[in-house]
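Biologist: I am new to this structure and would like a close look at its aromatic rings. Please then carry on to the local backbone and to one helix with its surroundings.

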Amino acid sequence: MTMPPPVRSEPGPAAQTPGRPLRLPVAVVLAVAAGAALLLALPPYDLWWLSPAGVALLAAAVHRRRLRAGLGLGFLAGLALFVPLLDWTAIAAGWLPWMLLSFAQAFYVGLAGLAGAWLSPVTDRWRGSWPLLTGLIWTTQEFLRDRTPFGGFPWGRLAFSQGDAPVLRLAAWGGAPLVTFVVAVTGGALVALAWRHWTRAGLLGAAGFAATAVVLTLAPAAVPLTAPAGASTTVAIVQGNVPRLGLDFNAQRRAVLDNHVNATLGLAADVAAGRQKQPGLVVWPENSSDIDPLRNDDAAALIQSAADAIKAPILVGTLQRTDVAGDFYNVGILWRPAGAGPDLDQQYAKRHPVPFAEYMPMRSVARLVSDKADLVRNMLAGDRPGVVDTGAAVLGDVICFEVAYDDIVRDTVDGGAQILAVQTNNATFNEAEARQQLGMVRLRAVEHGREALMVSTVGVSGFVDAQGAVYGATGFNTAAVVVRDIHLDGPRTLATRSGIWPEVSIVFGTVVALLVALPLRRRRAIIDSGDVTGSEER
């Protein structure tokens, strides 16, 4: 006996079967466009307004998709972002490590796409939740990417694209995580706006989402920032340049040291002639002396001659060897004038060496990936924050990629830093990488209410005020000396005081949202099992 098909009543709002996802070819195009938009928002392009657009495009692409499709579309967006963003890594390591790093970073964006697909029943039921959920997803994705594996790699965060945007000012309230959150919420408002049904009720909702996007984009311009109001000191940064770019520049370490010594002697001559102000402190970049001056008398004598000539302490970026062959520290050490020499109590050893670049985990496996694996020595990690009391000012010293890590920079301010200083060496990379780092310095200055500097062997070097504005930026692959008065101290911002807790709160909210979606997904699965005309993908 054949049973008639069940008569289905009109489903209520809580049980309606949603419409279809976007057609797969359209979703693929949107995912690639999302990655491209996120790329162009970052330095050196600095089209900051494309960040929320990129977030919105990916959210639209993964909405109502199956989980594996959401993961795949997010991964595709990640590739479109990270493959060109990280192309500078190929200069030093070759194309295979570049691809491996890019694929690894893209996987986390894939997780964001998967989470967006998972939360589709929630956004279908409560459309107003879409902005909030998008903010939670992106901030949590960055939380994971910033820490895993091997300590993480926080390059390409949404927050680092906002150097010229009003939302940068929110870094003083909640650091990089809050900036990322607000940018992603704006993207969520944009996709919710685009997804509205154009009924009268839909128009009211669209107006609300449009207003949300506009307010989040423009209102942070009114956030007050308190500039450092203490005393000031004159600081000189010396970009000595290297004989030529490329991986083998370390073989020319004496020439690099000579360049920085000679540039400092030239500054001393300008000071003596009245053409330049007398600095209270000089900062040299990372690797400005790859000859360990504590073990090499010639190097020590050269650095001492520069400090004596300029009559100011020099923070020297150097490598300190140990008694174990191949082991060394990457340090900034204060070298005092008047024959006083190195101040061993005022030095900082890099706390976060870069895996596969400055030390080699799983070296035997790495040899299968790159023939340059054995060129990587064994950099040891320091064990204390980079708080260096120069006499003229207390520096918060971080070295190179460490500027990307929230806790490493925050620890220096907690330790009493009056100025943030980033010593870096971009000689094995390119100008795009240097400008990406400078974008991070801009955020850190606002985040902690401190004026900052970045000094590189080859550029880009410059000063940043506590509002994120850049002064005296140098060119790339050139020698330069820049002198500027820097204000000391500054307010202890809410971001500094609250530490990691804003980010942890956002991650907790993400976990709650993912759990809330579970019963809704089960309910949708029940509806779909009896609906032969429903969506082809969930």
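**Rings, turns and one helix**

Modeller: The model is a predicted one, and eleven aromatic pairs are found in it. Take the pair of Trp88 and Phe401. The two ring centres are 5.8 Å apart, inside the 6.5 Å limit for a pair. The planes meet at 75°, which is over 60°, so the pair counts as edge-to-face. Trp88 belongs to the loop between helix H3 (67-85) and helix H4 (89-93), while Phe401 belongs to the loop between strand E8 (394-399) and helix H13 (406-414). These places are 313 residues apart in sequence, so the pair ties together distant parts of the sequence. Both residues fall under the 20% limit for buried: Trp88 has a relative accessible area of 1%, and Phe401 has a relative accessibility of 8%.

A second pair is formed by Phe107 and Tyr108, with 5.9 Å between the centres and 75° between the planes, again edge-to-face. Here the two partners differ in exposure. Phe107 has 41% relative accessibility; this lies between 20% and 50%, so Phe107 counts as partly exposed. Tyr108, at 9%, counts as buried.

Trp88 and Phe401 also belong to a wider group: ring pairs join them with Phe153, Trp155 and Phe429 into a cluster. A ring can have a charged group over it as well, as Tyr471 shows: Arg484 lies over the face of this ring, 4.0 Å from the ring centre.

Close to Trp88 in sequence is Thr89, which is part of helix H4. Thr89 is buried, as its relative accessible area of 11% is under 20%. Its side chain reaches the backbone oxygen of Leu86 at 2.7 Å. Leaving out residues up to four places away in sequence, Thr89 touches Gly94, Trp98 and Leu101.

Now the backbone. Most residues other than glycine have a negative phi, and most peptide bonds are trans. Some places in this model depart from that pattern. The peptide bond from Pro43 to Pro44 is cis, with omega near 10°. Pro44 sits in the loop between helix H1 (24-41) and helix H2 (50-62). Another cis bond runs from Thr148 to Pro149, with omega near -15°. Pro149 sits in the loop between helix H7 (130-145) and helix H8 (171-194).

Positive phi values also turn up outside glycine. Arg64, in the loop between H2 and H3, has phi near 70°. Arg64 counts as buried, because its relative accessibility is 8% and the limit is 20%. Lys311 has a positive phi of about 60° without being a glycine. Lys311 is in the loop between helix H11 (297-310) and strand E3 (314-321). With a relative accessibility of 64%, which is over 50%, Lys311 counts as exposed.

Lys311 comes just after H11, and that helix can be followed from start to end. At the start of H11, a side-chain oxygen of Asn296 comes within 3.0 Å of the backbone nitrogen of Asp298. The helix has 14 residues, and at 1.5 Å a residue these should span 20 Å. The C-alpha atoms at its two ends are 20 Å apart, which agrees with the expected span.

Which residues of H11 are buried? They are Ala299, Ala300, Leu302, Ile303, Gln304, Ala306, Ala307 and Ile310. The spacing in this list can be read with one general point in mind. An α-helix has 3.6 residues a turn, so residues three or four places apart point the same way. The buried residues of H11 are covered by parts that include helix H10 (253-272), strand E2 (281-283), E3, strand E4 (327-336) and strand E5 (341-349).

The approach to H11 from the other side of the chain holds Asp292, in the loop between E2 and H11. Asp292 is buried, since its relative accessible area is 6%, under the 20% limit. A polar atom of the Asp292 side chain lies 2.9 Å from the backbone nitrogen of Leu294. Apart from its neighbours within four places in sequence, Asp292 is in contact with Thr318, Leu319, Gln320 and Arg321.

Key: Residues numbered from 1 in each chain as written. Predicted model: local features only at pLDDT ≥ 70, side-chain atom pairs only at ≥ 80, totals over all residues. Heavy atoms only, no water. Phe/Tyr/Trp six-rings, centres within 6.5 Å; stacked < 30°, edge-to-face > 60°. Helix = DSSP H or I, 4+ residues; strand = E, 2+ residues; numbered from the N terminus. Buried < 20%, exposed > 50% of the residue type's maximum accessible area, 1.4 Å probe, protein only. Lys NZ or Arg CZ within 6 Å of the ring centre and 35° of its normal. Expected span 1.5 Å × (residues − 1). Contact = heavy atoms within 4.5 Å. Polar contact = N/O pair within 3.5 Å; in protein donor to acceptor, adjacent residues only side chain to side chain.
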